[in-house]
Amino acid sequence: MTEAALIDWSRAQFALTACYHWLFVPLTLGLAVIMAVMESVYVVRKDEFWKKTARFWQKIFGINFAVGIATGIILEFEFGTNWSNYSWFVGDIFGAPLAIEGILAFFMEATFVAVMFFGWDKVSKRFHLASTWLTGIGASISALWILVANGWMQHPVGMEFNPDTVRHEMTDFWAVVTNPVAVTKFFHSVLSGWMTGAVFVIGVSCWYLLRKREQRFARTSIRVASIVGIVGALAVMFTGDSSAVHVAKYQPMKLAAAEGLENGGTRAPFSIVPGIEIPGMLSILATHDIDGYVPGINDLLDGYVTPEGVVGLSAEARKERGDIALDAFRAYRENRDSDPQAAAEARKVLEENVEYFGYGYIRDKEELVPPVGMVYWPFRLMVGLGCFLLLMMAVVLWLELKGRIVKHRWLHWVAVFSIPLVYIAGQCGWIVAEVGRQPWAIQDLLPVSAAVSSLSVGSVITTFCIFVAVFTLFLAIEIRIMLKAIAKGPQAEEQTR
Amino acid sequence: MEYTFLQQYWWFIVSLLGGLLVFLMFVQGANTMIFPIGRTEEERSLIVNSTGRKWEFTFTTLVTFGGAFFASFPLFYSTSFGGAYWLWVLILISFVFQAVSYEFQTRAGNILGRNTFRVFLVINGYLGPFLIGTAVATFFTGADFLVDKNAIGDGLSPVISRWGNGWHGLEAVADIWNVFLGLAVVFLAQVLGSLYMINNIDDRTLSGRLRKSLPVSAVLFLVFFLTFMVRILTGQGYAVADGKVFLEPFKYWHNLVQMPVVLAVFLIAVVAVLYGIIKTVVCSGYRKGIWWTGAGTVLAVLSVFLLAGYNGTAYYPSTADMQCSLTIANSCSSLFTLKTMTYVSFIIPFVLAYIAYAWWSMDRRKITGKELAATDDKY
């Protein structure tokens, strides 16, 4: 039997890598836009000040970029190293976006980031500007494909199970690419990266204002960043709304956990914090209808019928269908060479129950409930911080446009302390998305317990510890280098000779 | 028929990426020489900045190689990565340290100091090519794994691919023939690194030293590589017929003879590799050796991969149970996925074109000490 400790440590390692990766990626996505806008202004106006401004943020981008790459490569290969069964079971669908990401996005980033860093005196202004934009576009395309892959795990589409090869096989590439969950996830994640970049730039700029240095640079940066950030934040809210509808439809248990909703129904309330609720709000968010039915955790475990007559199977019923699917799979494999008729019958039964295949691995229905606290609280933090950051950026932009930003020192402090907050919000988003879908590696089809590689727990604990040490070291170094570079400022020589 | 063609096409693409990866490991090869060849800070800075403008290509090719393997031969990805765990983890860790070392080494506040990061580059320079070479050698010498697709029906322990020992890939380093190929790749990377720097850096002293050390690396490469090839071509190989795997004496020799195009590619590759090296050693002003030896390397690796996978050969033999060995037919993606990916692969020439253009734009002027002294845009 697969050890529980192995599953937990493998999950911990993947979570660790993903969380660290998402510390570096959103800044890359956001700064890319901000510095590209700045460089565009330079090319149009031919004002050296804009060049200097763009170059400073490019240096910061560079410090951050390499660690993002380093954590990213581990993440990609961990699908194979730690989730070997997963890699075969759905590799036919999942591998393609990863390969396309490499071919389309990584080479674009790798090629043009080098031109951006080292090409100022080697290529024309326009080629350099194009390179800066292409670096950012490459990063966004990369996000697109990895989120297509992630969206597919949350809501698998465009495939069918082949019991001969023992895997799901792609039947519709466009369904995979245009998977609504993936599309929403892409915009939600990338635009949250714009927010991260913007809050970071505003925070650093406000630090200069606090120090009464680099005022023109700081104010210009604030202006560009807050516009990018507000656009990002509004789009994040909009896509967050679509995301709620998708989760309600495809991953109702995640929604129930995120809301701590034990018993659902129509006019379901939205919980602000335990004890404070807005009546009917959850129904509106999840179904865009105040009378919409939202099942709670108990409904999902015990089964339910919506007022429209839609039946939600109980956990036991799902498990039963899963067991039937696994039995039929075994029968098919046993008979396929010796008894074609028995094999055909087994295959038919399998096809009828394959959508519950993963439930065949579930021993106890309680396994189907993700840890509620780990989804409920991060969700509130994410939404709360998102709203706060939008407000902060709006105030900053307004005061900057009025020419009064320099005076409000309290706001500078708020902006500086917003930098960690935007990272917390981003991390919380991924915790909601990934912890909320437990126990599924692929929704309804493969639980993490059946996806994991056959390794010794000791090996995974060892690599976990190595990665904790390595990533933490890199993070510490990055923060220290960044602080030094920021302290020296855009006017100063940054590198030690 | 179409399915067979696509399997072969994708094995070709993966092999080509493998070839490009080994060529691009000139970055690693050059990094092994940071200290012995670069004796002053200016010289070391030249080496680091010369490879520092290319390392992302190597890294990206490694990632894409993994991604393409995943998409086209997922059973290899799941079996080898999940099984030879430690081998792949060590490769990744060495590359991860390399990825941050360029950016961090000369920055103020980098905690560990400049030389520590350069040592990371040196470690990756040796370890990366060595372990990748070792891993590739297992395409011929085999690995200790079992594959049982029926296992997914076992509700309690549904593991398809299992490794046969607790070393999880480290045992590959205990096989002398794997080590030979690993060392061959290390020295090939050094040869390519020397030729690349001779081409890319305008510095007489460095160039002089590189030309002196080049023959040593070249001879060591040839000794290890040719010994490995002789062992492979004269030993038994894992052949497949009617879905059954069996040992065939002189299998890879037969492959070479039965696939004259591969033989021709291999011979052209060897000639190109040697031409680039010899001309650089003999003609003191000659700087274009990297292109000959680089192209030869791509073709050589390509043909070695084709020997492993084409002509009814199991490219990843199982030493635990021969019948579990992976072939391009039993480990590949579905017809639909391979077809879809084939359309995507048509973008590759476009990608190569913009890489070539950007590379040319950046390298029109060679790196000099003067340039580095005058610019902030450096590591």
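**Exercise 1. The contact between the two chains**

Work out how many residues chain A and chain B bring to their contact, and which elements of chain B take part.

*Solution.* Step 1: count the residues on each side. In this predicted model, chain A brings 77 residues to the contact and chain B brings 69 residues.

Step 2: look for the elements of chain B involved. On the side of chain B that touches chain A, at least two residues each come from helix 4 (55-72), helix 5 (74-83), helix 6 (85-105), strand 2 (161-163), helix 13 (335-345) and helix 14 (348-363) of chain B.

Step 3: find the leading contributor. Helix 6 of chain B gives the most, with 12 residues.

Step 4: sort this side by class. The side of chain B that touches chain A holds 38 nonpolar, 22 polar and 9 charged residues.

**Exercise 2. The build of chain B**

Describe the secondary structure of chain B and decide how its radius of gyration fits the globule rule.

*Solution.* Step 1: list the elements. Chain B has 15 helices and 4 strands.

Step 2: compare the radius with the rule. Chain B has a radius of gyration of 21 Å, and the globule rule gives 21 Å for 379 residues, so chain B is as compact as a globular protein of that length.

Step 3: add the box. Along the principal axes, the C-alpha atoms of chain B fill roughly 65 × 45 × 40 Å.

Step 4: look at burial and contacts. Of the 379 residues in chain B, 59% are buried. Taking contacts in chain B between residues at least 6 apart in sequence, 75% join residues at least 24 apart.

**Exercise 3. Two helices that cross**

Describe how helix 8 and helix 14 of chain A pass each other.

*Solution.* Step 1: find the distance and angle. The axes of helix 8 (residues 215-250) and helix 14 (residues 372-401) of chain A come within 9 Å and cross at roughly 145°.

Step 2: give the handedness. The crossing of helix 8 of chain A with helix 14 of chain A is left-handed.

Step 3: name some partners. Helix 8 of chain A contributes residues including A:Ile222, A:Gly229 and A:Ala233, while those from helix 14 of chain A include A:Gly386, A:Leu389 and A:Met393.

Step 4: class the residues. This contact of helix 8 with helix 14 of chain A has 11 nonpolar, 3 polar and 3 charged residues.

**Exercise 4. The domains of chain A**

Find the domains assigned to chain A and describe where domain 1 touches domain 2.

*Solution.* Step 1: read the bounds. The domain assignment gives domain 1 (3-251 + 373-495) and domain 2 (265-361) of chain A.

Step 2: give the separation. Taken over C-alpha atoms, the centres of domain 1 and domain 2 of chain A are 33 Å apart.

Step 3: count the contact. In chain A, 13 residues of domain 1 are in contact with 17 residues of domain 2.

Step 4: see what domain 1 offers. Helix 8, strand 10 (446-447) and helix 16 (448-451) of chain A each supply at least two residues of the side of domain 1 that touches domain 2. Helix 8 of chain A has the largest share, 3 residues. By class, this side of domain 1 of chain A has 10 nonpolar, 1 polar and 2 charged residues.

**Exercise 5. Unusual backbone spots**

Most residues other than glycine have a negative phi, and most peptide bonds are trans. Describe the peptide bond between A:Gln438 and A:Pro439, and the phi of A:Lys212 and of A:Arg267.

*Solution.* Step 1: take the peptide bond. A:Gln438 and A:Pro439 are joined by a cis peptide bond, with omega about 10°. A:Pro439 is in the loop between helix 15 (409-435) and strand 9 (440-442) of chain A.

Step 2: take A:Lys212. A:Lys212 is not a glycine, yet its phi is positive, about 55°. A:Lys212 lies in the loop between helix 7 (180-210) and helix 8 of chain A. A:Lys212 has 9 other C-beta atoms within 10 Å, so it is exposed.

Step 3: take A:Arg267. Its phi is also positive, about 45°, although A:Arg267 is not a glycine. A:Arg267 sits in the loop between strand 3 (265-266) and strand 4 (270-273) of chain A. A:Arg267 has 16 C-beta neighbours inside 10 Å, so it counts as partly exposed.

How values were computed:
Residues numbered from 1 in each chain as written. Chains lettered and ligands numbered in written order. Predicted model: local features only at pLDDT ≥ 70, side-chain atom pairs only at ≥ 80, totals over all residues. Contact = placed C-beta atoms within 7 Å. Nonpolar A, V, L, I, M, F, W, Y, C, P; charged D, E, K, R; others polar. Rg over C-alpha atoms; globule rule 2.2 N^0.38 Å. Buried ≥ 20, exposed ≤ 12 C-beta atoms within 10 Å, placed from the backbone. Axes fitted to C-alpha atoms, helices over the stretch in contact; angles between N-to-C directions. Left-handed = near helix turned anticlockwise from the far one by under 90°. Domains from an automatic or database assignment.
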